[in-house]
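User: Please take a close look at one part of this model for me, the charged pairs, and then work outwards from there. Keep it relaxed, but give me the cut-offs as you go.

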Amino acid sequence: MAGCAQLSGGSSAPKTSDSWSGRMSLRIESEPVQTFAALFELRGSADSGDLTLTTPIGSTLAQLHWAPGEALLKDGSKTRRFDSVDELIEAATGAAIPVGALFGWLAGRNDPVPGWKPDLAQLGNGRLQAVRESPSPRADLRIVFERS
């Protein structure tokens, strides 16, 4: 199944059991408005992890892998390298989502990120919302998830 595909990470593969899956959407209040939605599987930590993005019918949109010294985006048959996990996430989704804080938010910690306001009130129901108010344009990230 395409949704279960993963990049081979070798010895730099995540060594933690933190794992979430579900669906995410991102709305960027640019002109014109940009939207991104996908099913996701997130594993690892802010330092070393994998994120697989798929369509509702199971087609893989992108596979992201990061570890110290590497940040890779595989979409289709091509793999691109980035200098940081932040650049990697922005290339895949269209916005700079704070990956380090995202792991904290999903774990129930209100890790501060300049410009971002997470709403953790619905974590118990498997829902997370975070809004970026600065820098412009405003971005609204919504995640419905299950912890694996």
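Analyst: Asp140 is buried, with a relative accessible area of 11%; buried means under 20%, exposed over 50%, and partly exposed in between, using a 1.4 Å probe and protein chains only. Its salt-bridge partner is Arg142, with the closest N and O atoms 3.1 Å apart, and Arg142 is partly exposed at 43%. A salt bridge here is a side-chain nitrogen of Lys or Arg within 4 Å of a carboxyl oxygen of Asp or Glu.

Before going on, some ground rules. This is a predicted model, where local features need pLDDT of at least 70 and side-chain atom pairs count only at pLDDT 80 or more, while totals for chains, interfaces and linings use all residues. Residues are numbered from 1 along each chain as its sequence is written, and side-chain values use heavy atoms, leaving out hydrogens and water.

Searching the whole structure turns up seven salt bridges. Another of them joins Glu41 to Arg43, again with 3.1 Å between the closest N and O atoms. In this pair the arginine is the buried one: Arg43 has a relative accessible area of 19%, whereas Glu41 is partly exposed at 25%. Then there's Glu29 with Arg27, at 2.8 Å from N to O. Here Glu29 is partly exposed at 36%, and Arg27 is partly exposed too, at 37%.

Arg43 is a handy way inwards, since Phe103 touches it. Phe103 sits in helix H2 and is buried, at just 6% relative accessible area. Helices (H or I, at least four residues) and strands (E, at least two) are DSSP runs, numbered from the N terminus. Leaving aside residues up to four places away in sequence, the contacts of Phe103 also include Trp20, Leu42, Trp66 and Arg109, a contact being heavy atoms within 4.5 Å. Leu42 is 61 residues from Phe103 along the chain, yet their C-alpha atoms are separated by 9.2 Å.

H2 (99–106) also helps cover the buried residues of helix H1, along with strands E1 (19–28), E2 (34–44), E3 (49–54), E4 (60–67) and E5 (70–75). In H1 itself, which runs over residues 85–93, the buried ones are Val85, Leu88, Ile89, Ala92 and Thr93. They lie on the same side of H1 because they cover an arc of only 105° around the axis, taken from the directions from the helix axis to the C-beta atoms. The general rule behind that spacing is that an α-helix has 3.6 residues a turn, so residues three or four places apart point the same way. Just after H1, Gly94 has a positive phi of about 95°.

Of the strands over H1, E4 is mostly covered itself, with six of its eight residues buried. E4 pairs with E3 in the antiparallel sense over six bridges, where pairing takes at least two DSSP bridges between two strands. Leu53 has Ala62 of E4 as its bridge partner. The two strands make a hairpin with five residues between them, and Gly58 in the turn has a positive phi of about 100°. E4 is also antiparallel to E5, over five bridges, with Leu72 in E5 as the bridge partner of His65. That hairpin has two residues between its strands, and Gly69 in its turn has a positive phi of about 85°.
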